[in-house]
Amino acid sequence: MEKLRKATSEDGVLTRIGQAIMLHRAGDREEARNRLTALWYEIGPQGDAFHRCALAHYMADTQDDPRDELDWDLRALEAAEGFVTERPEGAAPGASSVADGPGPRHPLVALRAFFPSLHLNIAADYAALDRPADAHAQLRRARASINALADGEYRQGLRDAIDRLQLRIDGAAGRTA
């Protein structure tokens, strides 16, 4: 029974993140931001890294200031990078696991799916802040991490978005040079 209660509680966090996303997509940016902020403090710094990553990833989209958006995207990346822990006690050298404290374990494959999108978002933030060198560095990381994804619509959509942002940044640099 305790396992069921814990699973329901964790699913509740993702449900609440999803509800805030729906509010944002429906045009209520402020209420989405308010709900995500409350949930961020409820989860706390020791909360599940997957939840923190997902929440920060979507919280970035609700920001009005590009610097705030960058801050949230960096928090999402930090949480995603926190998934991969040092090798568990007794594990073979070089082994790693995906975990965040005593909470649920998340497959490394699911984690890898976050990275191209996170790096793309951070690159877009840097481009909005007129920091093309930083944007290019993040685009390189996005391209490198996209290979971990299975072929399909999601992967191709990210490739196309990376290419569009690259063209936009290069075009802006050409206009100012």
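**Exercise 1. Find what share of the contacts with a separation of 6 or more joins residues 24 or more positions apart, then sketch the fold.**

Step 1. Take a contact as heavy atoms within 4.5 Å. Among contacts in the protein with a separation of 6 or more, 56% are between residues 24 or more positions apart.

Step 2. Keep the source in mind: this is a predicted model, where local features need pLDDT of at least 70 and side-chain atom pairs count only at pLDDT 80 or more, while totals for chains, interfaces and linings use all residues. Residues are numbered from 1 along each chain as its sequence is written, and side-chain values use heavy atoms, with hydrogens and water left out.

Step 3. Now list the elements, which are DSSP runs numbered from the N terminus (helices: H or I, at least four residues; strands: E, at least two). There are 7 helices and 2 strands, and from the N terminus their order is α-α-α-α-β-β-α-α-α.

Step 4. Turn to the surface, computed by the Shrake-Rupley method with a 1.4 Å probe, where for residues only the protein chains shown count as cover. The accessible surface is about 10500 Å², and carbon and sulfur atoms hold 52% of that. With buried meaning under 20% relative accessible area, exposed over 50% and partly exposed in between (1.4 Å probe, protein chains only), 38% of the 177 residues are buried.

**Exercise 2. Check the span of helix α6, and work out where its buried residues sit around the axis.**

Step 1. The expected span is 1.5 Å times one less than the number of residues. Helix α6 covers residues 132-146, so its 15 residues should span 21 Å, and the end C-alpha atoms are indeed 21 Å apart.

Step 2. The buried residues of α6 are Ala135, Gln138, Leu139, Ala142, Ser145 and Ile146. They lie on the same side of α6, because they cover an arc of only 130° around the axis, taken from the directions from the helix axis to the C-beta atoms.

Step 3. A reminder helps here: an α-helix has 3.6 residues a turn, so residues three or four places apart point the same way. On the face of α6 turned away from the buried side you will find the exposed residues Ala133, Arg140 and Ala144.

Step 4. For practice, repeat the span check on α4: with 16 residues, α4 reaches 22 Å from first to last C-alpha, close to the expected 22 Å. Buried residues in α4 include Leu70, Trp72 and Asp73.

**Exercise 3. Which residues have the most contacts inside the largest nonpolar core, and which helices supply it?**

Step 1. Build the core as a set of buried Ala, Val, Leu, Ile, Met, Phe, Trp, Tyr and Cys residues joined through side-chain atoms within 4.5 Å. The largest such core has 40 residues, and Ile17, Cys53, Leu55, Leu118, Leu120 and Leu139 have the most contacts inside it.

Step 2. Assign the core to helices: α1 (2-25), α2 (29-43), α3 (49-61), α4 (66-81), α5 (108-128), α6 and α7 (153-176) each supply at least two residues. The largest share, 8 residues, comes from α3.

Step 3. Look at single residues. Not counting residues up to four places away in sequence, Leu55 touches Ile17, Leu36, Leu39, Trp40 and Ile43. With the same exclusion, Phe114 touches Phe50, Cys53 and Ala54.

Step 4. Place Phe114: this residue is in helix α5 and counts as buried, at 14% relative accessibility. The C-alpha atoms of Phe114 and Ile146 are 9.5 Å apart, with the two positions 32 residues apart in sequence numbering.

**Exercise 4. How many salt bridges does the structure hold, and which parts of the chain do they link?**

Step 1. Apply the criterion: a side-chain nitrogen of Lys or Arg within 4 Å of a carboxyl oxygen of Asp or Glu. This gives 9 salt bridges.

Step 2. One of them pairs Arg16 with Glu42, with the closest N and O atoms 2.8 Å apart. Arg16 in helix α1 and Glu42 in helix α2 are 26 residues apart, a link between distant parts of the chain. Arg16 is partly exposed, at 35% relative accessible area.

Step 3. Another pairs Glu81 with Arg141 at 3.5 Å, N to O. This pair also links distant parts of the chain, from helix α4 to helix α6, 60 residues apart. Glu81 is partly exposed at 39%, as is Arg141 at 37%. Elsewhere, Arg29, Arg33 and Asp64 form one network through salt bridges that share partners.

Step 4. Finish with Arg33 in helix α2, which is buried at 18% relative accessibility. Apart from neighbours within four places in sequence, Arg33 contacts Met59, Thr62, Gln63 and Asp64.
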